[in-house]
Amino acid sequence: MQNYRISLNDLPPEGKEFHLDDPAIWQAPMKEFGMDCRVSKPLSATINVLPTDGGWLVRGTLAGEVVLPCSRCAEESPSSISARFEDFEELPGDDDFEGPGGGASLSGVQTQDEDAENRLVFVNNVPTLDLAAICWEELMLALPVTPLCATSCKGLCAGCGANLNEGMCSCEHEEGDPRMAVLRGLTLHKN
């Protein structure tokens with residue numbers, strides 16, 4: 001995968017816009033994390049990085065479509081992705097450098113391997129921003145918590161696992177707690 005780290009010292013004062021649409025930005029982490037997710041319409045991100053006092057303002061959009069398993073029946077569920085995001089990447093101070101084993105080194109130099117999880121890292125004392133990490137994080141935030149193939153999805157039978165959207169299963173369904181049988185025919189009327 002291509003390196004999507006940009007040197008923040010090289011940005012013009014008016015900022016710069018970046019367009020990212022490389023499928024590897026999303027597919028490599030999906031494979032790494034073993035996600036049951038695939039891209040059905042290409043994902044693309046536009047990120048604008050603007051230098052400000054004490055850091056950088058990061059604004060952008062993410063659009064596309066992914067297919068996830070339905071939370072109820074496990075059938076394919078297309079999910080449209082359309083997200084806007086805004087974040088502030090603060091320039092780390094001297095207090096943020098904890099020394100060996102605790103993040104950054106005493107000189108404030110981090111290499112790509114030392115801190116691959118952070119979006120803002122130092123490489124040869126130059127702050128760099130990982131645009132691919134921003135894209136991945138925003139995709140994870142944009143995914144639905146409980147994807148559904150349809151709002152009326154009936155799910156799977158708890159007994160035999162049959163998809164109830166395709167019809168009733170042959171399992172005998174319990175009527176519930178027999179102690180509550182007298183209340184089953186109860187109807188309430190509003191006054």
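Colleague: Over which residues does pLDDT stay under 50?
Modeller: This is a predicted model with residues numbered from 1 along each chain, and pLDDT is the predictor's confidence in each residue, from 0 to 100. Local features need pLDDT of at least 70, side-chain atom pairs need 80 or more, totals for chains, interfaces and linings use all residues, and side-chain values use heavy atoms, leaving out hydrogens and water. The model still has 33 contacts (heavy atoms within 4.5 Å) beyond four places in sequence for the stretch in question. The stretch where pLDDT stays under 50 is residues 94-116.

Colleague: OK, and what share of the protein's residues reach 70 or more?
Modeller: The mean pLDDT of the protein is 83. As for residues that reach 70 or more, the share is 83%.

Colleague: Which element has the highest mean pLDDT?
Modeller: Elements here are DSSP runs numbered from the N terminus: helices (H or I, at least four residues) and strands (E, at least two). At the low end sits strand β6 (residues 120-123), with a mean of 80. The highest mean, 95, belongs to residues 55-69, which make up strand β4.

Colleague: Are the rings of phenylalanine 33 and tryptophan 136 stacked or edge-to-face?
Modeller: Searching the whole structure turns up 1 aromatic pair. Rings of Phe, Tyr and Trp (its six-membered ring) pair if their centres lie within 6.5 Å; planes under 30 degrees apart count as stacked, over 60 as edge-to-face and the rest as tilted. Here the centres are 6.0 Å apart and the planes sit at 15°, so the pair is stacked.

Colleague: How many residues apart in sequence are the parts this pair ties together?
Modeller: Phenylalanine 33 comes from the loop between α1 (24-32) and β3 (38-52), while tryptophan 136 is part of helix α2. So the pair ties together parts whose separation in sequence is 103 residues.

Colleague: Which ring residue is buried, with a relative accessible area of 15%?
Modeller: Buried means under 20% relative accessible area, exposed over 50%, and partly exposed in between (1.4 Å probe, protein chains only). Phenylalanine 33 counts as exposed because its value is 53%. At 15%, the buried residue is tryptophan 136.

Colleague: Where is alanine 74, and is this residue buried or exposed?
Modeller: Phi of alanine 74 is near 70°, a positive value in a residue other than glycine. Alanine 74 sits in the loop between β4 and β5 (76-90). With a relative accessible area of 52%, alanine 74 is exposed.

Colleague: What is phi of asparagine 124 near?
Modeller: Asparagine 124 belongs to the loop between β6 and β7 (126-130). Asparagine 124 is exposed, at 63% relative accessible area. This residue other than glycine has a positive phi, near 55°.
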